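I opened my notebook for another round of looking things up. Here is what I went through, in the order I went through it.

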Amino acid sequence: MGLLLSPVPPTLSLIQSAQAQSVRTVPEGNRYKNQPKIPYASARRTSSAKSSYDAKFDKVLAVLKRDRRLMGSIKRVARKYNIDPIHIIGAIVGEHTYNYDTLDSAQSYYVKALAYAGINFDFELNGEHVDTFVERPQFERCSKEHIQKSSDRRWSCYENVWNSKFRGKRVDGVRYPKKNFNEAFFQPLYAGQSFGLGQLSPLTVLKMTDRVSRQSNFRKLKASNSDAVYKATMDPNISLHYMAAIIQDSIAAYKSVGKVDISKNPGLTATLYNLGDPWSRAAKFRRTGRSWPRENYYGWLVNDRIDDLRALL
């Protein structure tokens, strides 16, 4: 008579191995043969400056090549966040090729950071601070403990409620502007404004403050301290950490939700740096059933010129 054996439960290492195998690594390079269409706003900015994308790309490359101190900081921060420094370089090059006039020198950002110090910017709309605004009953679902414990979840929740309940709508007799959350509350000088080497928005900085604090021991930022938020966006000594955190978060989102590892494809991390909202985009990618996520015009350039970017390292 044979022995009746009960099934042996899989060990933790086997489970982890199976989970790891379910995540596929995205190949290097672009999925699109030709560069996707560049938005009109970017073309208009470049044209008004009497420049070209090639000229701007070459200029930012020259600045990075010349500034060994900055390159040293990029490598050091990348190690701290366990990412390839090429991802940070790709984001800087993309921003200064398409979404900003040009990068003259990293030193100019230290000067601008000092210039912004002491200027009183409040994150408010029609005289009401954002911290007060989000106490309205429409934001009740954002008060759940697991949401409040994470700066990214908390500010993303506020952003989603604004977009669904207030943006372009009349609420309690008040007509709210048809602007996104960032434009409505966090850009007091002009719409579409971003700052510093990484062209960060204050809202993005507030979302990433927990992740940065965990890994770099910077103090967590609050909307009530706008000076500190602007310093984080402007000062390269701090903003590089936020850039790394954004990239790290995108890689985590696509690995967790999209079941693909994009860490070997700088064009994809650059695309997500440009577009934002990586967790929703990862879920959308998974639903499409496509084999691999695809780059946008911004990420396409990074992959297309990857040898030039790698040469900086």
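**Ground rules.** For the loops and helices below I need one definition: helices are DSSP runs of H or I with at least four residues, strands are runs of E with at least two, and both are numbered from the N terminus. I also kept in mind that this is a predicted model.

**Entry 1, positive phi.** I began with backbone angles. Gln199 is not a glycine, yet its phi is positive, near 45°. I placed Gln199 in the loop that runs between helix 10 (181–185) and helix 11 (202–216). Is Gln199 buried or exposed? Gln199 counts as buried because its relative accessibility is 10%, and the cut-off for buried is under 20%.

I then turned to Lys259, another non-glycine residue with a positive phi, about 60°. Lys259 sits in the loop between helix 13 (236–256) and strand 6 (260–261). Its relative accessibility is 30%, so I noted Lys259 as partly exposed; that class covers values between the 20% and 50% limits.

**Entry 2, salt bridges.** Next I looked for charge pairs. Side chains of opposite charge can pair when their charged atoms come close. The cut-off I used is a side-chain nitrogen of Lys or Arg within 4 Å of a carboxyl oxygen of Asp or Glu. How many salt bridges does this rule give? The count is eight.

I wrote down three of the pairs. Asp210 bridges to Lys220, with 3.7 Å between the closest N and O atoms. This pair links distant parts of the chain: Asp210 belongs to helix 11 and Lys220 to the loop between helix 11 and helix 12, 10 residues apart. Asp210 has a relative accessibility of 10%, so it counts as buried.

Asp249 bridges to Arg211, and here the closest N and O atoms are 3.2 Å apart. Again distant parts of the chain are linked, with Asp249 in helix 13 and Arg211 in helix 11, 38 residues apart. I checked both partners, and Asp249 and Arg211 are each buried.

Arg305 bridges to Asp308 at 2.8 Å between the closest N and O atoms. Which residues are joined with this pair into a network? Salt bridges with shared partners join Asp58, Arg305 and Asp308 into one network. Arg305 has a relative accessible area of 22%, so I logged it as partly exposed. Asp308 is partly exposed too, because its relative accessibility is 30%.

**Entry 3, a positive patch.** I moved on to charges on the surface. Arg281, Lys284, Arg287, Arg290 and Arg294 gather there in a patch of positive charge. I looked at one member, Arg281, and found it in helix 15, which spans residues 278–288. Arg281 is partly exposed, because its relative accessible area is 32%. That value fits the patch rule, which asks for over 30%.

**Entry 4, Thr233.** Thr233 lies in helix 12 (residues 226–234). Buried or exposed? Thr233 has a relative accessible area of 0%, so it is buried. What does its side chain reach? The side chain of Thr233 comes to 2.8 Å from the backbone oxygen of Tyr230. I also noted a C-alpha separation of 6.8 Å between Thr233 and Pro202, which are 31 residues apart along the chain.

**Entry 5, two more C-alpha pairs.** Val26 is in the loop between strand 1 (24–25) and helix 2 (40–48). Val26 counts as buried because its relative accessibility is 1%. Its C-alpha atom is separated by 6.4 Å from that of Val260, although the two residues are 234 positions apart along the chain.

Last came Tyr158, in helix 9 (residues 151–166). Its relative accessibility is 9%, so Tyr158 counts as buried. The C-alpha atoms of Tyr158 and Phe139 are separated by 6.7 Å, with their positions 19 residues apart along the chain as the offset.

Methods:
Residues numbered from 1 in each chain as written. Predicted model: local features only at pLDDT ≥ 70, side-chain atom pairs only at ≥ 80, totals over all residues. Heavy atoms only, no water. Patch = residues over 30% accessible without salt bridge, like charges linked within 9 Å, V, L, I, M, F, W, Y side chains within 5 Å. Areas by Shrake-Rupley, 256 points an atom, 1.4 Å probe, with all protein chains shown as cover. Lys, Arg positive; Asp, Glu negative; His and termini not counted. Charge placed at Lys NZ, Arg CZ, Asp CG, Glu CD. Buried < 20%, exposed > 50% of the residue type's maximum accessible area, 1.4 Å probe, protein only. Polar contact = N/O pair within 3.5 Å; in protein donor to acceptor, adjacent residues only side chain to side chain.
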